[in-house]
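Work through these short exercises with the structure in view. Try each task before reading its solution.

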Amino acid sequence: MSEPVVLGIETSCDETGVGIVRGTEMLAHAVASSVDEHVRFGGVVPEVASRAHLEAMVPTLELAYEQAGIDVRDVDAIAVTNGPGLTGALLVGVAAAKALAVAHDKPLYGLNHLVSHVAVDQLQHGRLDRRVAALLVSGGHTEILLVDDITSDVTMLGSTIDDAAGEAFDKVARLLGLPYPGGPHIDRVAREGDGSAIAFPRGLTAAKDAQRYRYDFSFSGLKSAVSRHVQREQAAGRSIDVADVAASFQDAVVDVLTRKTIQACRDHDVDTLVVGGGVAANGRLREMVQQRADAAGIEVRIPRPSLCTDNGAMVAALGAEVVRRGIGSSSLDLGAVSSRPVSDIVA
């Protein structure tokens with residue numbers, strides 16, 4: 001069939017995203033973020049996020065139609081994230097997608113949020129037509145995936161057993177007096193610091209963890225180590241070198257992320273790595289993963305930062321691939337699945 005045109009809706013957390021894609025060509029990429037409404041709470045409040053999605057949905061749809069020069073009547077299918085994510089937030093997107101599908105007689109596809117983060121790379125670097133590994137790093141997720149087929153065969157190799165990497169960035173930023181969300185601010189401040197100034201721990205990298213936690217991550221101990229360092233310095237009457245602490249913390253996170261990911265690529269004979277999720281915009285992560293991948297002979301594909309954070313184009317990208325393959329659509333009784341496994345790609 002000719003390249004399908006798909007409208008994608010993403011509301012899994014605090015971004016209301018609408019994208020329109022033709023095959024691997026992005027026609028529209030509209031995002032409304034409620035992050036400013038969560039700043040005073042120091043994290044995402046599910047009820048606030050859900051209400052923000054309700055308010056932003058129609059304007060964001062209209063902006064996407066304007067960018068693409070088409071509207072919902074011209075698309076071949078409606079795709080929507082229905083998990084994993086915040087249940088209330090997911091339900092707003094699912095309800096909107098159902099309404100559009102019924103009103104305009106379009107097939108509906110409920111898609112996996114995590115796999116969509118991998119699929120969005122196709123909009124920048126072309127189709128993923130071979131086995132790849134993926135490192136997904138965000139405020140809610142930190143996983144290594146083995147992707148044999150983007151629409152039907154994705155395996156979780158490892159994940160965080162406590163805090164996600166982005167969550168750890170937010171908590172450490174709060175310790176250092178930096179604003180929420182913490183990731184961009186730590187990345188900025190760390191550029192002026194020395195990443196080797198403080199020997200913060202690398203979780204689950206000891207020899208005893210090699211078998212049970214080979215591809216898994218843990219950042220709660222690192223967060224506690226930063227907290228103890230700050231407390232010791234304050235108790236001794238010394239000022240906190242925020243830049244050095246930020247750089248040393250960031251290097252500890254990025255070291256473990258890249259070390260385990262490259263190991264997974266080697267163990268599974270993978271020569272292409274996709275990196276996605278909001279933390280993939282981090283400059284130090286991009287630098288270190290490229291260095292280590294080059295040394296291992298692995299190609300790295302990282303979408304531009306605007307495609308790494310949650311957005312509707314990533315859902316539309318996966319939807320376009322699913323429609324192109326002729327995979328059946330989802331039922332109109334589609335629900336939200338907050339803990340949907342990565343192996344469940346199309347509802």
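**Exercise 1. How many aromatic pairs does the structure hold, and how is each one arranged?**

Solution. The structure holds two aromatic pairs. Rings of Phe, Tyr and Trp (its six-membered ring) pair if their centres lie within 6.5 Å; planes under 30 degrees apart count as stacked, over 60 as edge-to-face and the rest as tilted.

Step 1. Take Phe169 and Phe249: their centres are 5.1 Å apart and their planes stand at 75°, an edge-to-face pair. Phe169 sits in helix α6 and Phe249 in helix α9, 80 residues apart, so the pair links distant parts of the chain.

Step 2. Take Phe217 and Phe219. Their ring centres are 6.1 Å apart and their planes are at 10°, so this pair is stacked.

This is a predicted model: local features need pLDDT of at least 70, side-chain atom pairs count only at pLDDT 80 or more, and totals for chains, interfaces and linings use all residues. Residues are numbered from 1 along each chain as its sequence is written, and side-chain values use heavy atoms, with hydrogens and water left out.

**Exercise 2. Are Phe169 and Phe249 buried or exposed?**

Solution. Buried means under 20% relative accessible area, exposed over 50%, partly exposed in between (1.4 Å probe, protein chains only).

Step 1. Phe169 has 2% relative accessibility, so it counts as buried.

Step 2. Phe249 has 0%, so it counts as buried.

**Exercise 3. Which element gives the largest share of the largest nonpolar core?**

Solution. A nonpolar core is a set of buried Ala, Val, Leu, Ile, Met, Phe, Trp, Tyr and Cys residues joined through side-chain atoms within 4.5 Å.

Step 1. The largest such core has 50 residues; Phe200, Phe249, Leu257 and Leu273 have the most contacts inside it.

Step 2. Elements giving two or more residues include β6 (132-137), α6 (165-175) and α9 (242-267). Helices (H or I, at least four residues) and strands (E, at least two) are DSSP runs, numbered from the N terminus.

Step 3. The largest share, 13 residues, comes from α9.

**Exercise 4. How do the axes of α6 and α8 cross?**

Solution. Axes are lines fitted to C-alpha atoms, for helices over the stretch in contact; angles run from 0 to 180 degrees between N-to-C directions.

Step 1. The two axes come within 10 Å and cross at roughly 5°.

Step 2. Angles under 35 degrees count as roughly parallel, over 145 as roughly antiparallel, 65 to 115 as roughly perpendicular and the rest as oblique. Therefore α6 is roughly parallel to α8.
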